[in-house]
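Visitor: I have not looked at this structure before. Could you take me through it?
Guide: Certainly; please have it in view while we talk.

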Amino acid sequence: MFLDLDHFKDINDTLGHSIGDALLVELAKRPAPGAANGRYRDSHGRDEFILLLPGINAIGAAHVAQKLLDAIAESYLIGLYDLALTASIGIALYPEDGRDLGNALQKRRRPPCIGPSRKAGNATALFTQEMQARSARNLQLVNALHHALERNQLHVYYQPQVAFVRPAYHWSGSFAALAAS
């Protein structure tokens, strides 16, 4: 599991790193329900963590991830601040999602955390091959657009849009009545 604390940078930027550090200490003191057999593997930055859960399947991992999210979401009293914290968790299964553990963690942990669910936060996402393909395609498009700008390969065309609207006045009389008047 790749756990990323949502908007943690905002706490550091707004309240200072000492409050952010104290928040991380309080988070670390909380029990990790369902992850008792898990092992903390690595930290990537101040707000990203990897948790290994040997021998767990997709359903079990999703269950543990939800329990972790629930535990993280309980409020934190840090100094004078009552803080709320959420996280997003990307789940990759070994060996299904990579030929070795490093590959599964490195290539496949982040796409779930940066997809649509990441925008809202407080969500889990199980890695799928479709996510990997979409991520690879997005990278290709971004690179192609970058090079297209450099090579002057983009052109903008103006296409006017016209809406034909019926007149507001509708005559319902007859032509004979009109001619007689």
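Guide: What follows is a conversation about this predicted model.

Visitor: Let's start broad. How many helices and strands does the protein have?
Guide: The protein has 8 helices and 7 strands.

Visitor: And what percentage of the residues is buried?
Guide: Of the 181 residues in the protein, 33% are buried.

Visitor: What about the accessible surface, how much is there?
Guide: The accessible surface of the protein comes to about 12500 Å². Carbon and sulfur atoms account for 57% of that area.

Visitor: Which residues touch the most other members in the largest nonpolar core?
Guide: That core has 25 residues, and those touching the most other members are M1, L5, L23, I72, Y76, L85 and I89. The elements giving two or more residues to this core are β1, α1, α2, α3 (58–72), β4 (76–78) and β6 (87–91).

Visitor: Which of them gives the largest share?
Guide: Helix α3 does, with 6 residues.

Visitor: You mentioned L85. What does L85 touch?
Guide: Leaving aside residues up to four places away in sequence, L85 touches L5, D6, F8, I11, L23, L27, I72, A73 and Y76.

Visitor: Are contacts in the protein joining residues far apart in sequence, and what is the percentage for at least 24 apart?
Guide: Taking contacts between residues at least 6 apart in sequence, 64% join residues at least 24 apart.

Visitor: Now α1. Which of its residues are buried?
Guide: F8, I11 and N12 are buried in α1. They lie on the same side of the helix, because they cover an arc of only 95° around the axis.

Visitor: What covers the buried residues of α1?
Guide: The cover includes strand β1 (2–5) and helix α2.

Visitor: And which exposed residues are on the face turned away?
Guide: The face of α1 turned away from its buried side carries K9, D13 and T14, which are exposed.

Visitor: How many salt bridges does the structure hold?
Guide: It holds 2 salt bridges. One joins the side chains of D13 and K9, at 2.5 Å from N to O. Both residues lie in helix α1 (residues 8–15), 4 residues apart, about one turn of the helix.

Visitor: Why does K9 count as exposed?
Guide: K9 has a relative accessible area of 55%, and exposed means over 50%, so K9 falls in that class.

Visitor: Where is the salt bridge between E26 and K29, in which helix?
Guide: Both residues belong to helix α2 (residues 17–29). Being 3 residues apart, E26 and K29 are separated by about one helical turn. Their side chains meet in the salt bridge at 3.3 Å, N to O.

Visitor: E26 and K29: buried, partly exposed or exposed?
Guide: E26 is partly exposed, with a relative accessible area of 30%, whereas K29 counts as exposed at 60% relative accessibility.

Visitor: Changing topic: which residue that is not a glycine has a positive phi in the loop between β1 and α1?
Guide: That residue is H7, with a positive phi of about 55° although it is not a glycine. H7 sits in the loop between β1 and α1 and is partly exposed, with a relative accessible area of 46%.

Visitor: What comes just after α1?
Guide: Just after α1, G16 takes a positive phi of about 105°.

Visitor: And where is N152?
Guide: N152 is found in the loop between α7 and α8 (175–180). N152 has a positive phi of about 55° although it is not a glycine, and this residue is exposed, with a relative accessible area of 59%.

Visitor: Which residues form the nonpolar patch on the surface?
Guide: L145, L149 and L154 form that patch, and together they have about 310 Å² of accessible area. L149 lies in helix α7 (residues 129–150) and counts as exposed at 61% relative accessibility.

Visitor: One last leucine: L93, buried or exposed?
Guide: L93 is buried, because its relative accessible area is 15% and buried means under 20%. L93 lies in the loop between β6 and α4 (101–108). The C-alpha atoms of L93 and A61 are separated by 8.8 Å, while the two residues are 32 residues apart along the chain.

Key
Residues are numbered from 1 along each chain as its sequence is written. This is a predicted model: local features need pLDDT of at least 70, side-chain atom pairs count only at pLDDT 80 or more; totals for chains, interfaces and linings use all residues. Side-chain values use heavy atoms; hydrogens and water are left out. Patches are made of residues with over 30% relative accessible area and no salt bridge: like charges are joined within 9 Å, nonpolar side chains (Val, Leu, Ile, Met, Phe, Trp, Tyr) within 5 Å. Accessible areas come from the Shrake-Rupley method with a 1.4 Å probe; for residues, only the protein chains shown count as cover. A salt bridge is a side-chain nitrogen of Lys or Arg within 4 Å of a carboxyl oxygen of Asp or Glu. Buried means under 20% relative accessible area, exposed over 50%, partly exposed in between (1.4 Å probe, protein chains only). The arc is that of the directions from the helix axis to the C-beta atoms. Contact means heavy atoms within 4.5 Å. A nonpolar core is a set of buried Ala, Val, Leu, Ile, Met, Phe, Trp, Tyr and Cys residues joined through side-chain atoms within 4.5 Å.
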